[in-house]
Amino acid sequence: MINVKIAARIHDEARVVSADFELPLSSGDDYKKLLDAMVSGMEKTNAWAKENDVFIGHVKGFITWGEDEAVMLSTVGDDVQVKGSESVPKAPCSVKVGSANIVFGIDLHEVEERVEDFACDILAAFGEQGDYCHEHDDDCECGCHDHDHEHHHHD
């Protein structure tokens with residue numbers, strides 16, 4: 001089970017949700033599989049936004065490894081751009097995977113669900129499951145007004 005931290009907050013009118021987890025890569029092909037899964041997930045987020053009249057401020061994804069190697073993926077609702085290191089992680093190793101989503105026009109919890117689905121799809125591509133910890137940094141739309149509010153989900 002992979003621990004996935006999902007942090008959510010409201011900033012002015014924006015819904016800001018991020019996900020972070022570590023993923024073990026066991027073979028040389030795993031990096032390409034991960035990159036493909038992230039691009040596919042971001043394309044799904046773009047489609048979700050169009051279907052739900054959500055405005056994407058930006059959606060970014062990243063993979064980091066070693067001391068300073070990283071690849072950044074980004075979209076503002078159209079094509080997914082991939083930039084960064086031309087080297088690849090040498091398996092077996094563990095990489096950090098993350099996503100930062102700034103969107104407008106939808107409930108915070110719906111954005112959290114989309115981000116959790118994004119992480120779940122990536123993990124599923126590797127036969128993994130997630131243990132999702134949701135943290136709300138600001139007053140939560142569920143009305144709890146608890147800055148340390150957490151929800152745990154298992155897929």
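# Talking through a predicted model

Colleague: Arg 15 sits in strand β2, which covers residues 14–25. Is Arg 15 buried or exposed, and what is its relative accessible area?

Modeller: Bear in mind that this is a predicted model. The cut-off for buried is under 20% relative accessible area, and Arg 15 falls below that cut-off, so Arg 15 counts as buried, with a relative accessible area of 15%.

Colleague: Which backbone oxygens does the side chain of Arg 15 reach?

Modeller: Two contacts turn up here. At 3.3 Å, the Arg 15 side chain reaches the backbone oxygen of Glu 13. At 3.2 Å, that side chain also reaches the backbone oxygen of Ile 106. The residues you want are Glu 13 and Ile 106.

Colleague: Stepping back, in what order do the elements of the chain run?

Modeller: The chain's secondary structure comes to two helices and eight strands. Reading from the N terminus, the order is β-β-α-β-β-β-β-α-β-β.

Colleague: What share of the contacts in the chain with a separation of 6 or more comes from residues 24 or more positions apart?

Modeller: The chain has 155 residues, and 41% of them count as buried. For contacts with a separation of 6 or more, the share from residues 24 or more positions apart is 64%.

Colleague: How far apart are the end C-alpha atoms of α1?

Modeller: Helix α1 covers residues 30–51. Its 22 residues should span 32 Å at 1.5 Å a residue. The model agrees with that, as the end C-alpha atoms are apart by 31 Å.

Colleague: Which elements do the buried residues of α1 pack against?

Modeller: The buried residues of α1 include Tyr 31, Leu 34, Leu 35, Met 38, Met 42 and Trp 48. Polar residues are on the list too, among them Asp 30, Thr 45 and Asn 46. The buried residues pack against β2, β3, β4, β5, β6 and α2.

Colleague: How do α1 and α2 run relative to each other, and why?

Modeller: The two axes come within 9 Å and cross at roughly 155 degrees. Angles over 145 degrees count as roughly antiparallel. The crossing is right-handed, and its angle is past that cut-off, so α1 and α2 are roughly antiparallel.

Colleague: Which residues of α2 make the contact with α1?

Modeller: On the α1 side, the contact includes Leu 34, Met 38, Gly 41, Met 42 and Trp 48. Several α2 partners are buried, including Val 111, Arg 114, Phe 118 and Ile 122. The full α2 set is Glu 110, Val 111, Arg 114, Phe 118, Asp 121, Ile 122 and Ala 125.

Colleague: Which residue caps the N-terminal end of α2?

Modeller: Helix α2 covers residues 108–125 and reaches 26 Å from its first C-alpha to its last, close to the 26 Å expected. At its N-terminal end, a side-chain oxygen lies 2.8 Å from the backbone nitrogen of His 109. The residue supplying that oxygen is Asp 107.

Colleague: And what follows α2, with a positive phi?

Modeller: The phi there is near 70 degrees. The residue is a glycine, Gly 127.

Colleague: Which residue with a positive phi follows α1?

Modeller: Here the residue is not a glycine, and its phi is about 50 degrees. This residue is found in the loop between α1 and β3, and it counts as exposed at 69% relative accessibility. It is Asp 53.

Colleague: What is the relative accessibility of Asp 12?

Modeller: Asp 12 is in the loop between β1 and β2. Its phi is positive, near 55 degrees, in a residue other than glycine. Asp 12 counts as exposed, and the value is 66%.

Colleague: Which residues does the cis peptide bond join?

Modeller: Look in the loop between β5 and β6, where Pro 92 is placed. The omega of the bond is about 0 degrees, and it joins Ala 91 and Pro 92.

Colleague: Last one: which side chain makes a polar contact with the side chain of Thr 75?

Modeller: Thr 75 is found in strand β4 and counts as buried at 4% relative accessibility. A polar atom of its side chain lies 3.1 Å from the backbone oxygen of Asp 78. Beyond its neighbours within four places in sequence, Thr 75 is in contact with residues including Met 42, Ile 56 and Val 80. The side-chain partner, at 3.1 Å, is Asn 46.

Key: Residues are numbered from 1 along each chain as its sequence is written. This is a predicted model: local features need pLDDT of at least 70, side-chain atom pairs count only at pLDDT 80 or more; totals for chains, interfaces and linings use all residues. Side-chain values use heavy atoms; hydrogens and water are left out. Helices (H or I, at least four residues) and strands (E, at least two) are DSSP runs, numbered from the N terminus. The expected span of a helix is 1.5 Å times one less than its number of residues. Buried means under 20% relative accessible area, exposed over 50%, partly exposed in between (1.4 Å probe, protein chains only). A polar contact is a pair of N or O atoms within 3.5 Å; within protein, one must be able to donate a hydrogen and the other to accept it, and residues adjacent in sequence count only if both atoms are side-chain atoms. Axes are lines fitted to C-alpha atoms, for helices over the stretch in contact, and angles run from 0 to 180 degrees between N-to-C directions. Angles under 35 degrees count as roughly parallel, over 145 as roughly antiparallel, 65 to 115 as roughly perpendicular and the rest as oblique. A crossing is left-handed if the near helix is turned anticlockwise from the far one by less than a right angle, and right-handed if clockwise. Contact means heavy atoms within 4.5 Å.
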